[in-house]
Amino acid sequence: MGYLDNILFAILLVIGFGYFYSNIKKIVRNIHLGADVNRKDNPKARWGNMALIALGQSKMIKRPVSGVLHIIVYAGFIIINIELLEISIDGLFGTHRIFSSLGILYNVLIGSFEILALLVLIAVFVFWTRRNIIRLKRFIHKDLTGFPKKDANFILYFEVILMSLFLLMNASDLHLQNIPGGFSHFIQAGFFPVSQFIQPLFNGVSSELVMLLNELFWWLHIIGILVFMNYLYYSKHLHILLAFPNTYFADLNPKGQLSNLESVTNEVKLMMDPNADPYATPVIDPNAAPSKFGASDIQDLNWVQLMNAYTCTECGRCTSVCPANITGKKLSPRKIMMDTRDRIEEVGKNIDANKGIFVPDNKTLLNDYITPEELWACTSCNACVEECPVNINPLSIIIDMRRFLVMEQSAAPTPINAMMTNIENNGAPWQYNQQDRLNWKNE
């Protein structure tokens with residue numbers, strides 16, 4: 001490489017990582033649109049969750065075929081891109097395989113990278129077949145349309161291109177290394193168990209043309225990596241990055257335990273305190289925002305719930321086990337998370353367009369994105385939470401929005417309103433006198 005190539009490479013890195021950094025800042029800003037919630041308790045358990053679920057992929061392998069293949073693709077993507085460090089140094093300083101001085105260790109690394117690249121290509125082919133030929137039900141569900149449906153295939157094509165360029169780059173490099181007497185700066189370095197079978201494609205081709213092709217593969221590979229990195233912001237594959245904080249900050253409480261509203265809890269405690277003065281005037285902070293029960297828009301959710309939305313893999317495992325969805329109801333936990341993310345993005349663009357201030361747009365997550373019919377179809381069974389491979393909790397969003405419907409709008413379905421009235425008047429969900437509650441034992 002000449003100095004011009006080094007300068008162009010440096011500019012490419014600055015642009016690629018600069019744009020990536022600006023997208024990360026935007027995601028962090030949007031996540032913090034949510035309310036605060038304390039998730040700093042029990043760090044030992046949180047680190048354990050992150051290591052086991054995000055890094056160890058423990059929930060993925062519950063479905064062995066897709067789980068093992070996903071681990072291959074994930075490991076291949078992460079490990080092979082360690083080579084990005086060597087590529088960056090070579091590109092900036094005009095060196096060739098700068099880490100080759102590691103000797104046998106370098107050979108082991110390059111050999112491992114190549115085997116992983118081949119396994120990734122095989123896994124991607126299987127994934128593409130499952131999605132486009134076998135057409136598994138969760139991949140053709142009606143809630144997965146438009147760009148989200150195409151996105152998964154885009155990523156698969158990206159993977160094929162990146163792994164193929166990696167192997168072609170190594171094969172042309174190996175060809176130039178083996179030219180008798182040496183050629184240019186190509187030194188004997190690396191072990192190539194896969195690309196050695198591709199190398200014969202360059203036999204009979206002039207060394208200068210092979211060198212040109214090698215540089216082309218090299219540039220396309222690094223450009224592809226930078227494009228892929230910046231595409232993540234728009235893709236469901238953002239979970240590659242967010243799975244780690246998402247599993248760390250996940251709710252550690254038992255799945256059947258719902259959170260209580262602090263304001264309601266305080267009211268109940270006050271009612272049960274025999275020393276409390278029922279006629280005392282409550283102290284109200286004049287600067288405090290009016291209290292709101294539940295959630296109607298993303299600002300009412302907490303920041304962990306918003307991070308859940310950004311982390312969603314759109315795999316559909318949650319929807320595939322949802323009893324409401326299985327019985328034909330409109331509820332889809334995957335759609336709940338996708339709608340939440342879409343609304344976050346809409347609010348974020350509103351803020352960007354108005355110089356950092358949100359201008360009311362007469363839209364809300366509730367009704368404009370998620371309908372009450374979807375919310376009331378939920379049985380609160382936690383099947384979606386249990387199934388999610390990255391510890392996302394769609395139920396928490398559903399519960400908060402149902403609280404808003406009940407406590408702010410008195411908009412619960414008629415059977416639920418009747419049940420709550422009976423509980424208030426009769427101490428039971430059924431409409432009979434309290435004195436008759438124990439009659440069943442005499443029958």
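Is Trp219 buried or exposed, and at what relative accessibility? Trp219 counts as buried, because its relative accessibility is 18%. This comes from a predicted model.

## The tryptophan pair

Trp219 has a partner in Trp218. The ring centres of Trp218 and Trp219 are 5.4 Å apart, with 80 degrees between the planes. Planes over 60 degrees apart count as edge-to-face, so this pair is edge-to-face.

Trp218 is buried as well, with a relative accessibility of 11%.

## Aromatic pairs across helices

The whole structure holds 11 aromatic pairs. One of them joins Phe158 and Tyr231. Their centres lie 5.8 Å apart. The planes meet at 40 degrees, and the pair is tilted.

Phe158 belongs to helix 6, residues 146–177. Tyr231 belongs to helix 7, residues 207–231. The two are 73 residues apart in sequence, so their pairing ties together separate parts of the chain.

Both partners fall under the 20% cut-off for burial. Phe158 has a relative accessibility of 18%, so it counts as buried. Tyr231 has 14% and is likewise buried.

## The aromatic cluster

Phe158 and Tyr231 also belong to one aromatic cluster. Its other members are Phe147, Phe154 and Phe228.

## A charge over a ring

Arg131 contacts an aromatic ring through its charged end. That end sits over the ring of Phe139. The distance to the ring centre is 3.9 Å.

How values were computed
Residues are numbered from 1 along each chain as its sequence is written. This is a predicted model: local features need pLDDT of at least 70, side-chain atom pairs count only at pLDDT 80 or more; totals for chains, interfaces and linings use all residues. Side-chain values use heavy atoms; hydrogens and water are left out. Rings of Phe, Tyr and Trp (its six-membered ring) pair if their centres lie within 6.5 Å; planes under 30 degrees apart count as stacked, over 60 as edge-to-face and the rest as tilted. Helices (H or I, at least four residues) and strands (E, at least two) are DSSP runs, numbered from the N terminus. Buried means under 20% relative accessible area, exposed over 50%, partly exposed in between (1.4 Å probe, protein chains only). A charge sits over a ring if NZ of Lys or CZ of Arg is within 6 Å of the ring centre and within 35 degrees of the ring normal.
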